[in-house]
Amino acid sequence: MVVSVDREGPVAIVTVDNPPVNALSQAVRLGLRKAAHELTPEAGVEAVLLLCAGRTFIAGADITEFGSDRVEPPLGTVVDDIAAAPVPWVAMLHGTALGGGLEVALGCHWRLALASARVGLPEVALGIIPGAGGTQRLPRVTDAKTAVEIVTTGKPVGAEDAHRKGIIDRIVEGDLRSAGLAFCAEIAGQPQRRMSPDPMPDPMPDLGLDWAAIWDGVAARAKGQISPLRALEAVRGAYQLPLADGLKHERAIIMPLFSDPQSLALRHAFFAERAVAKPAAIAGAKARPLSRIAVVGGGLMGCGIAVSALGAGLPVTLIERDAAAAEAARERVGGLIEAALSRGLIDDATASARRAALSTTEEYAAAAGADLAIEAVFEDPDVKAEVFGQLAAAMGDAAILASNTSYIDPRSFTGHVPNPARILGLHFFSPAHIMKLVEVVRTPDTAPDVLATGFALAKSMGKTGVLCGICDGFIGNRVLAAYGRLALYMLEDGALPADIDGAMKAFGWPMGYFEMMDMAGHQIGYARRQRLAPQRDPAIRYSRLADLVVESGREGQRTGAGWYAYPEGRRPVPDPEIAALIEAESARLGITRREIPADEITERLLAVMANEGAMILEEGVAARPLDIDVVEMLGYGYPRWRGGPMQAADQAGLGAVLASMEVVAAESPGSWTVSPQLRKLAETGGSFRELNA
Ligand code: CAA
């Protein structure tokens, strides 16, 4: 029974037990509705305690049911039934009361919570809005600013905060059942509370909020995503309509969103982010316990990794080449911990514990006590080979050795290291203490338990690991290289950086390709291109533009100039010098420049990314399209409401994507391979989605 009822005198205890997160499946909704109808004074019931078994209160609607026809009864009517019950319902919250879970709690007449609980309405993150009264009942228990914030951002708030804001009536400790029973005894005999504040103004008074300014703020943050704006419309209804009409208004807004492409993409993103953690390659493998890790290299990347490991509760030995560099690394890590402290992300005690768990040294021998080491030194195979030799000597044959290389095949610098089964890539993204993605790179020799340990480490750091085979740039940088190459071709053909970046931002990217390059700095890419120049395939069109930019002394935002000028610091401003440089290069190549419309830019970028992704699948570097989607979303800011490049290609239609790719390929003969996989799927009416299964 997912919903059971037992009695403690006049109190009926309704328990939801639907693992793993007590989602509101059809069976749960039916059970709650039955309870709302049957638990009456006539049945000897004076109060109802709503409890959840397991790790959390109800974490929301059952997302797997969206789009199916298992809708009866709609959650909204269940919540309405609870709200209209003749006896008080007291919701006892622990874990996360999210979405439909919070809506059920808002339908209850009282909400009590453990201090560790969190509440929120994350529906906008799934491309929908709260549809079971959340946008109407939340404004009736809290202030308008809080209601707008919770509904439009989807971000959960802690119970203490929610208590201060009127969403939770009381914070309780200890066993929820006992605390709930004591509370029921306290309210026994009181008149039924309909809603807080009681009596409730209906409709809520217009609070004179500047709705136009709120709208602009939400639209700016949403970057093309529609659900936050729809949610705002619904919540505004709470201040204009009586409750019954506001509920109808809310339902009218949510219904079309269920089948909206943005919602489909966001639901894909939700499940893809969970599916990546369970690749077939580690099925049945057990992660090894880690008691200490070593990080080699105290640059930005190494320190970011160290901070993430310290945050996961792991002591870290950070190794640098000499005492001065080790000291500088200690200061850099200290600075990152300090920044987290000053932003209120951690408290003093946590900051001190993290500082104490770090040791910095120039002695590789200190790595002996670690179970796993991550090398994050300069991207040069010889330097890395030296580091691996030292680590293997210090740590013995069993310890796991990982490389943070972003391009190079780890086998090329670990050939001399005994026991290749314990070697893998753990490719973090910069800044590593913030970015949520780790590519877990598997060589043909890596053992499954070593891979599983890589995934577990990423998870303990609050990051998502994605399994990846070996190719130049692995999944993320390889796809980036393809669209970067096309972006440069388009500059030569007629676009300017702001045209391409503008089109990408209109598509939903937080920043464009050229802005991103300027932010990252050009030197590393330039050095890499110089190094690889002798091996470059002359048949492939090579754009010199990025090299010319660096050679003209523009190395990115930090130097005040790159693809853009930066007269005010970080805001990119189109620069006539860059336009002249690009136009001169087009003229030198004999290209008659043409205006490239924004939709053509986005179609082509989408096509090359999906095409590169399809080749990555053919080569077995990624196991499923969803792995590529997650890498692009978490590592590069691919708009989540587009679901990643493979999902976006499915939604655009693979026929259209193939057609764009063929035009791109025909315009630069020999430069692109049109993926046979993409062609086959497009020609047979298939989709990438079906390869995710
Ligand atoms: N529906 C269906 N399955 C869900 C689910 C949901 N609402 N929430 C989580 N799950 C599943 C996950 O897919 C995962 O399944 P697998 O183990 O098979 O991968 C499992 O439950 C555990 O989830 P997590 O791995 O995410 O566990 P966690 O402890 O890290 O996080 C959580 C727990 C915070 C509840 C997180 O799962 C979460 O944020 N869930 C989504 C919450 C949400 O968005 N709720 C709103 C739903 S929409 C709604 O409610 C609208 C409406 O009224 C119409």
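In this predicted model, strand 16, which spans residues 437-441, runs parallel to strand 17 and is joined to it by 5 bridges. Within this pairing, valine 440 has leucine 467 of strand 17 as its bridge partner. The chain passes from strand 16 to strand 17 by way of helix 17, residues 448-460, and the resulting β-α-β crossover is right-handed. Strand 17 itself, residues 464-468, is largely enclosed by the rest of the structure, because 5 of its 5 residues are buried. This cover extends to both faces of the strand, with Thr464, Val466 and Cys468 buried on one side and Gly465 and Leu467 buried on the other.

Helix 17, the connecting element of this crossover, also contains threonine 453. Threonine 453 is buried, its relative accessible area being 1%, and its side chain takes part in contacts with the backbone at two places. A polar atom of the threonine 453 side chain lies 2.5 Å from the backbone oxygen of aspartate 449, and the side chain of threonine 453 also reaches the backbone nitrogen of arginine 288, at 2.9 Å.

The surroundings of the ligand were examined next. The shell around the ligand consists of 24 residues, of which Arg55, Ala61, Gly100, Arg274 and Lys278 are the closest. By residue class, this shell comprises 14 nonpolar, 4 polar and 6 charged residues. Strand 5 (96-98), helix 3 (100-107) and helix 11 (261-275) each contribute at least two residues to the shell, and the largest contribution is that of helix 11, with 3 residues. Polar contacts to the ligand involve both side-chain and backbone atoms of the protein. In the side chain of lysine 278, an N or O atom is found 2.3 Å from an oxygen atom of the ligand, while a polar side-chain atom of glutamate 103 lies 3.1 Å from an oxygen atom of the ligand. From the backbone, a polar atom of alanine 59 is placed 2.9 Å from a nitrogen atom of the ligand. Of the 970 Å² of accessible area that the ligand has on its own, 71% is covered by the protein.

Strand 5, one of the elements that supply residues to the ligand shell, belongs to an open sheet of 3 strands in the order 5-7-8, in which the pairing is mixed. Strand 5 and strand 8 (157-158) occupy the edges of this sheet, and since each has a single partner strand, one side of each is left without a neighbour in the sheet. The pairing of strand 5 with strand 7, residues 118-120, is parallel and is made by 3 bridges. Across this pairing, alanine 97 stands opposite valine 119 of strand 7.

Helix 9, covering residues 227-237, includes serine 227, and arginine 236 is likewise found in helix 9. Serine 227 is buried, with a relative accessible area of 0%, and a polar atom of its side chain lies 2.9 Å from the backbone oxygen of valine 124. Arginine 236, by contrast, counts as partly exposed, at 30% relative accessibility. The C-alpha atom of arginine 236 is separated by 9.9 Å from that of leucine 209, a residue 27 positions away along the chain.

Several loops carry backbone features of note. In the loop between helix 8 (211-222) and helix 9 lies lysine 223, which has a positive phi, near 45°, although the residue is other than glycine. Lysine 223 counts as partly exposed, with a relative accessibility of 41%. A positive phi of about 60° is also found for asparagine 419, again not a glycine, and asparagine 419 is located in the loop between helix 16 (411-414) and strand 15. At 33% relative accessibility, asparagine 419 counts as partly exposed.

Cis peptide bonds were identified at two proline residues. The bond from proline 19 to proline 20 is cis, with omega near 5°, and proline 20 falls in the loop between strand 2 (11-16) and helix 1 (26-38). The bond from serine 430 to proline 431 is cis as well, with omega near -10°. Proline 431 has its place in the loop between strand 15 (423-428) and strand 16, the strand that pairs in parallel with strand 17.

How values were computed. Residues are numbered from 1 along each chain as its sequence is written. This is a predicted model: local features need pLDDT of at least 70, side-chain atom pairs count only at pLDDT 80 or more; totals for chains, interfaces and linings use all residues. Side-chain values use heavy atoms; hydrogens and water are left out. A residue is near a molecule or strand if one of its heavy atoms lies within 4 Å of it. A polar contact is a pair of N or O atoms within 3.5 Å; within protein, one must be able to donate a hydrogen and the other to accept it, and residues adjacent in sequence count only if both atoms are side-chain atoms. Accessible areas come from the Shrake-Rupley method with a 1.4 Å probe; for residues, only the protein chains shown count as cover. Helices (H or I, at least four residues) and strands (E, at least two) are DSSP runs, numbered from the N terminus. Ala, Val, Leu, Ile, Met, Phe, Trp, Tyr, Cys and Pro count as nonpolar, Asp, Glu, Lys and Arg as charged, and the others, Gly among them, as polar. Buried means under 20% relative accessible area, exposed over 50%, partly exposed in between (1.4 Å probe, protein chains only). Two strands pair if DSSP finds at least two bridges between them. A crossover is right-handed if, with the strands pointing away from the viewer, the path from the first strand over the helix to the second runs clockwise.
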